[in-house]
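Have a look at the fold below before reading on. We'll go through the strands and how they pair, then turn to a pocket.

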Amino acid sequence: MSIRVKTLALALFFLCFLSFLQPLKAQVSGVVKDSKEGRLLSGVDVFINNTSIATKTNAKGEFELTGIAPGFADLSLSKEEFQIFKNAIRIQPDKAYKLN
């Protein structure tokens, strides 16, 4: 085996090994409704505080956040003319959470 092939094989091994060291990320999805009338809310900002993980609800009030690290996270929802909603959630590795 040439040195070049050995180096490439070793580099590939380390890349695969490092991918196992990354914490398994979780996903949170759900539907946002008006608490008084129960109508679906579009355009709501949904985000995990102190991260860049964020999205807006679609026309059906649905949202999906991915790539959330395990541990405790503060989920926030915000829309003009509505009270801000915040909730602490516990994220476990490689899990999907559905909130309604």
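Which residue in E4 is the bridge partner of glycine 30? The answer is phenylalanine 63. Keep in mind that this is a predicted model, so everything here comes from calculation on predicted coordinates.

That bridge belongs to the pairing of strand E1 (residues 26–31) with E4, which runs in the antiparallel sense over six bridges. Zoom out a little and you find an open sheet of three strands, ordered E4-E1-E7, with mixed pairing. At its edges sit strand E4 (62–68) and strand E7 (96–99), each of them pairing on one side only. From one strand to the next, the twist averages 15°.

Serine 29 is a handy residue to click on in strand E1. Is serine 29 buried or exposed? With a relative accessible area of 11%, serine 29 counts as buried, because the cut-off for that label is under 20%. Leaving aside residues up to four places away in sequence, serine 29 touches Phe63, Glu64, Tyr97, Lys98 and Leu99.

Now for the other sheet. Four strands make an open sheet in the order E3-E2-E5-E6, and the pairing is antiparallel. Strand E3 (54–56) and E6 are at the edges with a single partner strand each, so one side of each has no neighbour in the sheet. Here the twist averages 20° from one strand to the next. Within this sheet, valine 46 stands opposite threonine 55 in E3.

Two of the strand pairings can be put next to each other:

| Strand pair | Sense | Bridges |
|---|---|---|
| E1 (residues 26–31) and E4 | antiparallel | six bridges |
| E2 (residues 45–48) and E3 | antiparallel | three bridges |

On to the empty space. The largest pocket holds about 560 Å³. It is lined by 22 residues, and those closest to its centre are Val32, Lys33, Ser35, Leu77 and Phe85. Which strands each supply at least two residues of that lining? They are strand E5 (71–78) and strand E6 (85–91), and both strands also belong to the sheet ordered E3-E2-E5-E6. As for chemistry, the lining of the largest pocket breaks down into twelve nonpolar, five polar and five charged residues.

Terms used:
Residues are numbered from 1 along each chain as its sequence is written. This is a predicted model: local features need pLDDT of at least 70, side-chain atom pairs count only at pLDDT 80 or more; totals for chains, interfaces and linings use all residues. Side-chain values use heavy atoms; hydrogens and water are left out. On a 1 Å grid over the protein atoms alone, a cavity is a set of points where a 1.4 Å probe fits but cannot get out, and a pocket is an open set with protein on both sides within 12 Å along at least five of seven lines; lining residues have an atom within 4 Å of a point. Grid points are joined across faces, edges and corners, and a volume is the space filled by probe spheres set on the points. Ala, Val, Leu, Ile, Met, Phe, Trp, Tyr, Cys and Pro count as nonpolar, Asp, Glu, Lys and Arg as charged, and the others, Gly among them, as polar. Two strands pair if DSSP finds at least two bridges between them. Axes are lines fitted to C-alpha atoms, for helices over the stretch in contact, and angles run from 0 to 180 degrees between N-to-C directions. Buried means under 20% relative accessible area, exposed over 50%, partly exposed in between (1.4 Å probe, protein chains only). Contact means heavy atoms within 4.5 Å.
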